[in-house]
There are 2 protein chains.
Amino acid sequence: VEAIQPVALKHAYRLMNTGATVLVSAAHAGRSNVMAAAWNMPLDFLPCKVSVVLDKATYTRELIVASGEFLLSVPCQAQAALTAAVGTQSGRDMAEGKHAQLAVQTFALPGVGISAVEGAIGWLACRRIAEPHLENTYDIFIGEVWAAWSDTAVFKDGKYLPLAQTPPARRTLHHLGSGRFVVPGDEVQG
Amino acid sequence: VEAIQPVALKHAYRLMNTGATVLVSAAHAGRSNVMAAAWNMPLDFLPCKVSVVLDKATYTRELIVASGEFLLSVPCQAQAALTAAVGTQSGRDMAEGKHAQLAVQTFALPGVGISAVEGAIGWLACRRIAEPHLENTYDIFIGEVWAAWSDTAVFKDGKYLPLAQTPPARRTLHHLGSGRFVVPGDEVQG
């Protein structure tokens with residue numbers, strides 16, 4: 001298994017800085033769900049804030065509004081099929097829930113009441129900052145990150161390791177559309 | 001020179017869907033500026049809306065608030081140094097302006113009163129949707145895209161061409177931090 005370690009909050013935004021697709025998980029009153037969100041961005045360094053666009057039809061959004069919490073997982077190339085699947089199929093009508101139906105493996109992170117997606121490379125535990133106008137008009141949800149973790153084989157000491165040291169299967173996913181992703185192949189210094 | 005063609009508005013969001021860094025340009029009353037913004041995301045398909053985080057200290061933000069308009073350019077690997085430079089040096093105190101000082105080449109797009117960055121692979125002309133609370137509290141600026149264009153050697157008929165057909169120098173830039181970028185190297189289907 002990977003060596004999962006906490007990420008200092010001042011470095012948590014870096015997990016999302018490259019614009020990779022994230023998975024959004026939420027839970028409330030015994031129900032849970034997970035979806036993909038290509039539309040996301042960091043908002044601030046410290047306190048770390050992030051944003052994600054969640055369509056009104058999504059079950060995950062309903063759970064976030066009810067619970068006031070969400071968890072972001074940063075998936076990797078090995079999870080491309082999983083990411084496309086959770087991003088296109090709604091858990092609302094899955095009797096056993098989306099995790100069971102789509103065989104999404106999860107694990108518990110310390111202090112987090114939402115199951116984390118196993119095999120991802122980073123995780124950000126967020127408290128929703130309620131902004132009804134923003135949510136209703138633009139579908140933007142804002143979270144303050146109160147804890148973060150990373151797979152230290154990919155992201156360590158507050159930053160992504162050089163790409164040449166990253167196993168190809170653990171590179172981030174950048175969504176082109178229709179389940180088609182590009183993954184990093186080179187690193188350049190500007 | 002590249003063959004620059006209009007992008008249908010319903011496909012404009014795709015230019016930004018992979019989370020690449022963009023350049024933000026603005027102009028007002030004879031002044032103009034350009035900066036880099038890794039923190040950006042699409043918000044809606046049609047009408048196409050996009051968002052970008054602009055720090056209160058930026059000169060570009062001041063010009064956007066004054067003019068109500070901005071132009072996003074999607075830079076590519078050949079522009080990594082340019083992107084890092086415009087992203088770290090403020091144009092506020094450059095007597096000749098940032099374009100002249102940093103030798104940023106520009107061209108005119110039809111109907112757009114803001115100079116476009118030459119050599120980019122996509123451009124989105126935006127009208128600011130004024131959201132003072134959002135701007136003041138989170139530095140989020142929202143734009144409605146009213147026209148878009150692409151370099152058809154990279155993005156054509158509403159989508160990015162297969163990565164294998166894209167010249168390496170024209171791949172998108174995904175910011176890790178400190179002017180360090182990853183660029184797409186492989187494409188996977190989920």
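Modeller: In what follows, a salt bridge means a side-chain nitrogen of Lys or Arg lying within 4 Å of a carboxyl oxygen of Asp or Glu. The structure under discussion is a predicted model.

Colleague: How far apart are the closest N and O atoms of Glu62(A) and Arg31(A)?

Modeller: Glu62(A) is partly exposed, because its relative accessibility is 33%. Arg31(A) is also partly exposed, at 32% relative accessibility. The two form a salt bridge, and the separation of their closest N and O atoms is 3.5 Å.

Colleague: How many residues apart in sequence are the parts that this pair ties together?

Modeller: Glu62(A) belongs to helix H1 of chain A, residues 59-67, whereas Arg31(A) belongs to strand E3 of chain A, residues 31-37. The pair therefore ties together a helix and a strand whose separation in sequence is 31 residues.

Colleague: Which residue is linked with Arg31(A) and Glu62(A) in a network of salt bridges?

Modeller: Arg31(A) and Glu62(A) form a salt bridge with each other. They also belong to a network of salt bridges, in which they are linked with Arg92(A).

Colleague: Is Lys49(A) buried or exposed?

Modeller: The side chain of Lys49(A) meets that of Asp44(A) in a salt bridge, at 3.7 Å from N to O. Asp44(A) has a relative accessible area of 29% and is therefore partly exposed. Buried means under 20% relative accessible area. Lys49(A) has a relative accessibility of 16%, so it counts as buried.

Colleague: What does the salt bridge between Arg180(A) and Glu187(B) join?

Modeller: The side chains of Arg180(A) and Glu187(B) meet at 2.6 Å, N to O. Arg180(A) lies in strand E14 of chain A and Glu187(B) in strand E14 of chain B, so what the pair joins is two chains.

Colleague: Which of these two partners, Arg180(A) or Glu187(B), counts as buried?

Modeller: Glu187(B) is partly exposed, because its relative accessibility is 31%. With a relative accessibility of 16%, the residue that counts as buried is Arg180(A).

Colleague: How many salt bridges are there over all chains?

Modeller: The pairs described above include Glu62(A) with Arg31(A), and Arg180(A) with Glu187(B). Over all chains, the count of salt bridges comes to 18.

Colleague: How many bridges join strand E14 of chain A to strand E14 of chain B?

Modeller: Both strands span residues 180-189, and they run antiparallel. In this pairing, Arg180(A) stands opposite Gln189(B). The number of bridges that join the two strands is 9.

Colleague: What are the edge strands of the open sheet that holds this pair?

Modeller: The sheet has 4 strands in the order E13(A)-E14(A)-E14(B)-E13(B), with antiparallel pairing. An edge strand here pairs on one side only. The two that do so, each with residues 174-177, are E13 of chain A and E13 of chain B.

Colleague: What is the average twist from one strand of this sheet to the next?

Modeller: The sheet in question is the open one of 4 strands, drawn from chains A and B. From one strand to the next, its twist averages 40 degrees.

Colleague: Which residue stands opposite Ala125(B) in E10(B)?

Modeller: Strand E9 of chain B, residues 122-129, is joined antiparallel to strand E6 of that chain, residues 69-74, by 6 bridges. In that pairing Val74(B) stands opposite Gly122(B). E9(B) is also joined by 8 bridges to E10(B), residues 140-151, again antiparallel. There the residue opposite Ala125(B) is Ala147(B).

Colleague: How far apart in space are Val22(B) and Trp123(B)?

Modeller: Val22(B) lies in strand E2 of chain B, residues 22-28. Its relative accessibility is 0%, so it counts as buried. Its contacts include Leu72(B), Ser73(B) and Val74(B). Val22(B) and Trp123(B) are 101 residues apart in sequence, but from C-alpha to C-alpha their separation is 9.3 Å.

Colleague: What is the relative accessibility of Thr21(A)?

Modeller: Thr21(A) is placed in the loop between E1 and E2 of chain A. It touches, among others, Val74(A), Leu173(A), His175(A) and Phe181(A). Thr21(A) counts as buried because its relative accessibility is 3%.

Colleague: About how much accessible area do Leu9(A), Phe45(A) and Leu46(A) have together?

Modeller: Leu9(A) sits in the loop between strand E1 (4-6) and strand E2 (22-28) of chain A. It counts as partly exposed because its relative accessibility is 31%. With Phe45(A) and Leu46(A) it forms a nonpolar patch on the surface, whose combined accessible area is about 280 Å².

Key
Residues numbered from 1 in each chain as written. Chains lettered and ligands numbered in written order. Predicted model: local features only at pLDDT ≥ 70, side-chain atom pairs only at ≥ 80, totals over all residues. Heavy atoms only, no water. Pairing = 2+ DSSP bridges. Axes fitted to C-alpha atoms, helices over the stretch in contact; angles between N-to-C directions. Buried < 20%, exposed > 50% of the residue type's maximum accessible area, 1.4 Å probe, protein only. Contact = heavy atoms within 4.5 Å. Patch = residues over 30% accessible without salt bridge, like charges linked within 9 Å, V, L, I, M, F, W, Y side chains within 5 Å. Areas by Shrake-Rupley, 256 points an atom, 1.4 Å probe, with all protein chains shown as cover. Lists of a residue's contacts leave out its neighbours within four places in sequence.
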